[in-house]
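Please go through the structure shown here, beginning with a bound ligand and moving outward to the packing of the chain.

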Amino acid sequence: MAQKNNRKNVVIEFLLHLHPISVKKDSLKFSRTFGLGGINILLFLILVSTGTLLRFSYIPTQQNAYDSIVNLQKLTYFGTLLHATHHWSAMIFLVTSFLHFVRVIYSNSIYYERSKNFYYGLVLFALVLSSNFTGYALPWDQLSYWAITILTNTIKMLPLIGAPIAKFIAGGSKVGANTLFFFYNLHTAVLPLTIFIFIVIHIWLVRANSGVTLPAKESTEKVKTSPELTSRELLAALSVLAFVLLLAFFFPPHLLGKASPAITPADIKAPWYFSGVQEMLLNVHPIFTIFLTPITILLYLIYVSRTKIEQEKIGVWFYSDKGKQAIVYSAAFAALLSFTLILIFEYLFNADNTSLPVLLVNGIIPLLAYLLPAGGFVFYLLRFKKTNKTETALAIITMILTSYITMGLTTTFLRANGMRLIF
Ligand code: HEM
Ligand code: HEM
């Protein structure tokens with residue numbers, strides 16, 4: 001009996017060790033975190049458990065991958081539900097990771113001692129993206145095959161490093177059996193393990209920083225973790241689980257035909273989270289699109305998180321009323337600018353009809369066409385709206401995010417028939 005009680009204590013002790021004994025009352029407000037970090041953990045756990053079950057029926061070879069999923073759906077009890085639950089958890093995981101990123105930025109929770117955790121978060125975001133992309137390849141249908149083929153062909157266009165990287169990803173000179181096996185190992189072993197390690201460090205750093213960021217003016221009153229936090233976590237977990245299962249039940253993902261190198265589909269669209277990249281690639285060379293632009297944005301985010309901000313503004317949503325206004329203006333400006341440029345490059349400036357060097361036509365010109373008006377807008381904010389460093393940074397990040405979303409929506413909903421604009 002005593003032994004049983006001891007065992008029970010160990011379990012309770014372990015669960016409580018995941019949390020502090022008490023938490024600040026104001027950190028429990030839904031509008032502080034929207035529960036997004038916790039939801040990410042839950043989705044990861046769902047993905048690991050459904051993924052492990054999928055491994056029992058999935059065969060990672062070119063001949064059998066597709067059929068193994070079709071068989072899973074047709075012959076196994078709850079096979080379709082299992083596949084669909086994995087699929088939808090993965091999609092929502094991307095959305096909630098993005099929203100969590102947006103929340104820490106706009107709630108000014110990335111400065112000083114938290115900047116380190118922000119970098120871990122950025123790595124986590126890259127890992128979640130990679131998990132999704134490697135998973136996308138596994139059904140080995142037309143979509144998978146052509147998405148990887150386009151990716152490797154695009155990477156090949158990078159000077160010097162392009163060809164070796166493309167060869168490494170494809171596991172040879174062509175996308176085929178080696179590619180699938182490589183992606184399978186990355187997807188089901190390397191990436192989940194790495195994500196797990198990073199999540200552990202990430203959560204540990206949140207605790208080391210005494211929990212989530214709260215503005216100085218909020219009260220420091222504490223409440224007991226159990227039941228105040230745990231009951232909220234349980235409610236959020238059950239709601240997310242119900243939502244994922246409902247989506248999986250009513251909208252199972254459908255596969256295209258089995259991968260066939262001989263049949264090129266008319267429009268090969270990238271997975272939705274990369275459609276902004278695909279749109280940009282239509283007019284901008286891969287050196288800028290998949291190399292210089294992401295690196296510049298990453299360095300900029302790191303730079304922003306290392307700038308100084310007034311102590312009383314830490315944790316304050318949107319920094320100030322002026323910050324809020326600058327964010328709304330920049331979202332509207334960036335959406336308008338990006339879409340106008342898409343129209344100009346589609347109808348007025350045809351790169352094929354010029355004899356200018358490719359890096360000028362597909363690089364310098366489109367980038368300047370974006371950067372000059374965007375720079376002018378930032379100047380307007382600084383000069384006439386008198387925004388300070390942090391408000392301006394929030395406006396610039398908003399412009400980047402809005403432009404990416406505008407490009408992504410354009411490719412997803414407005415392009416067809418050989419990637420032409422359709423209205
Ligand atoms: C961050 C975690 C993960 C993400 C984002 C993710 C994402 C995905 C995606 C998007 C697919 C394609 C499903 C479809 O639309 O048809 C997939 C397939 C697959 N995943 Fe994962 N996954 C994750 C973790 C795992 C883990 C941990 C395992 C195994 C240990 C796993 C095993 C599989 C298998 C075997 C398939 C192929 C079968 C199928 O398509 O249903 N996944 N994954
Ligand atoms: C697998 C993905 C992730 C998981 C499981 C995760 C988990 C968490 C949790 C549980 C918290 C505390 C509660 C909360 O804020 O909701 C947190 C806070 C934080 N996360 Fe994440 N996170 C992930 C991705 C990211 C990403 C993509 C970023 C940004 C690039 C990020 C940056 C941060 C920062 C800066 C904090 C501290 C926020 C504060 O002090 O208020 N995380 N994360």
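In this predicted model, a nitrogen atom of ligand 2 sits 2.8 Å from an N or O atom in the side chain of His-100. Two further polar approaches involve oxygen atoms of the ligand. A polar side-chain atom of Arg-114 is 2.8 Å from an oxygen atom of ligand 2, and a polar side-chain atom of Thr-213 is 2.6 Å from an oxygen atom of ligand 2.

His-100, Arg-114 and Thr-213 are among the closest of the 23 residues that surround ligand 2, together with Arg-103 and His-202. By type, the shell around ligand 2 consists of 12 nonpolar, nine polar and two charged residues. Helices α3, α5, α6 and α9 each contribute at least two residues to this shell.

The packing of the nonpolar side chains comes next. The largest nonpolar core has 43 residues, and the members that touch the most others are Leu-43, Tyr-58, Trp-140 and Phe-183. At least two residues of this core come from each of α3 (36-54), α4 (65-75), α5 (79-106), α6 (115-137), α7 (142-156), α8 (162-170), α9 (177-208) and α10 (225-250). The largest share, seven residues, is supplied by α9.

What does Phe-183 contact, apart from its neighbours within four places in sequence? The list is Phe-133, Thr-134, Ala-137, Leu-138, Ile-148 and Ile-169. A second core, separate from the one just described, has 18 residues, including Tyr-111, Leu-301, Ile-327 and Leu-394. In soluble globular proteins, nonpolar side chains tend to be buried together.

Leu-299 shows another setting for a nonpolar side chain. Leu-299 lies in helix α12 (residues 286-305). Is Leu-299 buried or exposed? Its relative accessible area is 54%, and because exposed means over 50%, Leu-299 counts as exposed. The C-alpha atom of Leu-299 is separated by 34 Å from that of Val-23, and the two residues are 276 residues apart along the chain.

Helix α15 allows a check of geometry. This helix covers residues 389-414, which is 26 residues, and at 1.5 Å a residue it should span 38 Å. The expected span is 1.5 Å times one less than the number of residues. The C-alpha atoms at the ends of α15 are 36 Å apart, so the model agrees with the expected span. At the N-terminal end of α15, Asn-388 acts as a cap, with a side-chain oxygen 3.1 Å from the backbone nitrogen of Thr-390.

Technical notes: Residues are numbered from 1 along each chain as its sequence is written. Chains are lettered from A and ligands numbered from 1 in the order in which they are written. This is a predicted model: local features need pLDDT of at least 70, side-chain atom pairs count only at pLDDT 80 or more; totals for chains, interfaces and linings use all residues. Side-chain values use heavy atoms; hydrogens and water are left out. A nonpolar core is a set of buried Ala, Val, Leu, Ile, Met, Phe, Trp, Tyr and Cys residues joined through side-chain atoms within 4.5 Å. Buried means under 20% relative accessible area, exposed over 50%, partly exposed in between (1.4 Å probe, protein chains only). Helices (H or I, at least four residues) and strands (E, at least two) are DSSP runs, numbered from the N terminus. Contact means heavy atoms within 4.5 Å. A polar contact is a pair of N or O atoms within 3.5 Å; within protein, one must be able to donate a hydrogen and the other to accept it, and residues adjacent in sequence count only if both atoms are side-chain atoms. A residue is near a molecule or strand if one of its heavy atoms lies within 4 Å of it. Ala, Val, Leu, Ile, Met, Phe, Trp, Tyr, Cys and Pro count as nonpolar, Asp, Glu, Lys and Arg as charged, and the others, Gly among them, as polar.
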